[in-house]
Amino acid sequence: MHVGLLRVTGAATAVYGLAVTLRPGLLAGPSGLVDADGRTAPATAVSLRPVGWRDAASGLAMALAPDGPALRTAAVLRVAADLGDAALLGRTLPGRDRRVMAVAVSVGWGALSLAGLLLPGRDLRRPPSLVGA
C-alpha cells in the first residue's frame, strides 16, 4: 500500500468535497445541471451538497486514518464511491459529452485510490539505499 499516494488523494478529495458542499455550482456546471444562465437551481444545490460532504468525509478519512486496515477501508470506500459516481452519472447526466467526462473523472479519481492500495510503499523506517555510493 502506498500511504503517501492515498494521503494526497484523500486530502485533494476532501478539499474538493468541501468546496462543492459550499458551492454546489462547482459540480453542477460541468455536469450540465445548471439553467441557461449557468445558475444552479436551489433544489439541485440541495441534492449536490451531500455528494460534496461525502467526498469531504471520505477524503478526510483517507488523509487521517491510521496506516493499516483503517486506511485500507477508507480507500476501498472511496473507490466504491467513485465507481458508483461513474456508473450513475455516466447513465443519467444530460448530454453524452458530460456523461463521458463524468465517467472519466470518476474513474480517474478511483484509479488513484486503487493505485494507492496496490502500489508498494516505501518503508519509512529504513532510509533509502544509495546505489553506487
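In this predicted model, a helix axis is a line fitted to C-alpha atoms over the stretch in contact, and an angle between two axes runs from 0 to 180 degrees between N-to-C directions. With that in hand, here are the close-ups.

**View 1. Helix α1 packs against helix α5.** The two helices here are α1, residues 3–22, and α5, residues 96–118. Their axes sit 8 Å apart, at an angle of about 155°. Angles over 145 degrees count as roughly antiparallel, and α1 and α5 are therefore roughly antiparallel to each other. The crossing of α1 past α5 is left-handed. On the α1 side, look for L5, L6, T9, A12 and T13; on the α5 side, W109, L112, S113, A115, G116 and L117 make the contact. Sorted by class, the residues of this contact come out as seven nonpolar, four polar and no charged.

**View 2. Helix α3 packs against helix α4.** Now we move to α3, which covers residues 42–64, and α4, which covers residues 69–92. The angle between them is about 150°, and the axes are 8 Å apart. That makes this pair roughly antiparallel as well, and α3 passes α4 in a left-handed crossing. From α3 come R54, D55, S58, A61 and M62, and they meet L71, A74, A75, R78, A81 and D85 of α4. This time the contact has six nonpolar residues, one polar and four charged.

**View 3. A salt bridge links D85 and R54.** The closest N and O atoms of this pair are 2.7 Å apart. D85 belongs to α4 and R54 to α3, so the salt bridge ties together parts that are 31 residues apart in sequence. Are the two partners buried or exposed? D85 counts as buried, because its relative accessibility is 15%. R54, at 30%, is partly exposed.

**View 4. R78 and D82 pair up within α4.** Both residues lie in helix α4, four residues apart, which is about one turn of the helix. Their side chains meet in a salt bridge, at 2.6 Å from N to O. Each of them is buried: R78 has a relative accessibility of 2%, and D82 has 5%. Step back a little and you can follow a network in which salt bridges with shared partners join R54, D55, R78, D82 and D85.

**View 5. S58 sits in helix α3 and touches T13 and R78.** Start from S58 in α3. With a relative accessible area of 16%, S58 is buried. Which residues does S58 touch, leaving aside those up to four places away in sequence? They are T13 and R78. You have met both already: T13 is part of the α1 contact with α5, and R78 is one of the α4 residues that meet α3.

**View 6. D35 and R39 form another salt bridge.** Here the side chains of D35 and R39 come together, with an N to O distance of 3.4 Å. D35 is partly exposed, at 34% relative accessibility. R39 is exposed, with a relative accessible area of 52%. If you feel like hunting for others, a search of the whole structure finds six salt bridges.

Methods:
Residues numbered from 1 in each chain as written. Predicted model: local features only at pLDDT ≥ 70, side-chain atom pairs only at ≥ 80, totals over all residues. Heavy atoms only, no water. Parallel < 35°, antiparallel > 145°, perpendicular 65-115°, else oblique. Left-handed = near helix turned anticlockwise from the far one by under 90°. Contact = heavy atoms within 4.5 Å. Nonpolar A, V, L, I, M, F, W, Y, C, P; charged D, E, K, R; others polar. Salt bridge = Lys/Arg side-chain N within 4 Å of Asp/Glu carboxyl O. Buried < 20%, exposed > 50% of the residue type's maximum accessible area, 1.4 Å probe, protein only.
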